[in-house]
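Please open the structure in your viewer and keep the sequence beside it, since each stop on this tour asks you to select a few residues and look at their surroundings.

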Amino acid sequence: LIIFLFVVIFVGMASGVSIFLFFSRNLPDVSKLEEYRPITKTVLYDSSGEFVSEFMSENRELVPISKIPQNIIHAFISVEDADFYSHHGISPTGILRAFIIDFKKGKFVQGGSTITQQLAKYLFFTHRKLATRKIKEAIIAIQIEKKYHKNEILELYLNQIFLGAHSYGVEAAAQNYFGKH
């Protein structure tokens with residue numbers, strides 16, 4: 001029995017390492033986030049400094065994490081990733097919960113991604129729901145968590161996410177929906 005358990009554990013670990021190595025090939029380099037400059041709008045002023053017009057494919061205004069109210073930060077963390085400060089990029093319990101719900105429903109209905117995984121998806125991948133993308137997304141999320149502090153990850157995320165009505169990031173959404181910064 002002990003030999004059987006040892007073989008099962010060894011095969012499981014070897015399979016996990018093989019999967020990790022296979023999907024780690026040709027992944028984007030997360031250190032490029034240091035150079036990352038998201039699309040923002042172009043604002044046109046006349047010679048006297050009066051606003052004329054703005055042009056954009058994505059309505060986004062970058063805002064540092066220090067300028068984002070704590071209530072907004074807490075709201076996103078509580079809704080999207082309650083364990084944000086305690087995980088290292090992925091949440092095994094979140095993944096298991098989503099898997100069980102998806103299995104019961106027979107389709108993808110529940111997300112198990114952390115904020116860091118969502119950031120990886122927004123920055124590096126398409127939104128198509130593929131198992132291969134989810135594996136790559138998890139690997140990238142772990143790499144992001146190793147390289148960047150939680151507040152840096154949150155700042156990128158809160159400036160990157162789509163919040164409806166052509167609003168990308170919390171600043172654009174606040175201005176669009178409430179007319180406030």
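Begin by selecting Lys134, which counts as partly exposed because its relative accessibility is 31%, where buried means under 20% relative accessible area, exposed over 50%, and partly exposed in between, with a 1.4 Å probe and protein chains only. The model is a predicted one, in which local features need pLDDT of at least 70 and side-chain atom pairs count only at pLDDT 80 or more, while totals for chains, interfaces and linings use all residues. Residues are numbered from 1 along each chain as its sequence is written, and side-chain values use heavy atoms, with hydrogens and water left out.

Now add Glu137 to the selection: Lys134 forms a salt bridge with Glu137, the closest N and O atoms being 3.2 Å apart, a salt bridge being a side-chain nitrogen of Lys or Arg within 4 Å of a carboxyl oxygen of Asp or Glu. Both residues lie in helix H5, three residues apart, or about one turn of the helix; helices (H or I, at least four residues) and strands (E, at least two) are DSSP runs, numbered from the N terminus. In contrast to its partner, which is partly exposed, Glu137 is buried, with a relative accessible area of 1%.

How many salt bridges does a search of the whole structure find? It finds three. For another of them, select Lys147 and Glu34, whose side chains meet with an N to O distance of 3.4 Å. This pair links distant parts of the chain, 113 residues apart, with Lys147 in helix H5 (residues 131-147) and Glu34 in the loop between helix H1 (2-24) and S1. Lys147 counts as partly exposed at 41% relative accessibility, and Glu34 is likewise partly exposed, at 48%. Then select Lys150 and Glu145, which meet in a salt bridge at 2.8 Å, N to O; Lys150 is buried, and so is Glu145.

Next, display the strands. S1 (residues 42-45) and S2 (residues 51-55) pair in the antiparallel sense over four bridges, where pairing requires that DSSP finds at least two bridges between the strands. Select Leu44 and you will find its bridge partner, Ser53, in S2. The hairpin has five residues between the strands, and Gly49 in this hairpin takes a positive phi near 90°.

Move on to the loop between helix H6 (150-160) and helix H7 (170-178), where Ala165 is placed. Most residues other than glycine have a negative phi. Ala165, although not a glycine, has a positive phi of about 50°, and His166, in the loop between H6 and H7 as well, has a positive phi near 65°. Which of the two classes, partly exposed or exposed, does His166 fall into? His166 counts as exposed at 63% relative accessibility, whereas Ala165, at 45%, counts as partly exposed.

Now select Phe99 in helix H3 (residues 92-105), an exposed residue with a relative accessible area of 53%. Adding Gln110 shows a pair eleven residues apart in sequence and 7.8 Å apart in space, C-alpha to C-alpha.

For the last stop, select Leu33, Tyr36, Arg37, Glu155 and Leu156, which, among the 14 residues lining the second largest pocket, lie nearest its centre. By class, this lining has seven nonpolar, two polar and five charged residues.

Methods. 1 Å grid on protein atoms, 1.4 Å probe; cavity = no way out; pocket = protein on both sides within 12 Å on 5 of 7 lines; lining within 4 Å. Nonpolar A, V, L, I, M, F, W, Y, C, P; charged D, E, K, R; others polar.
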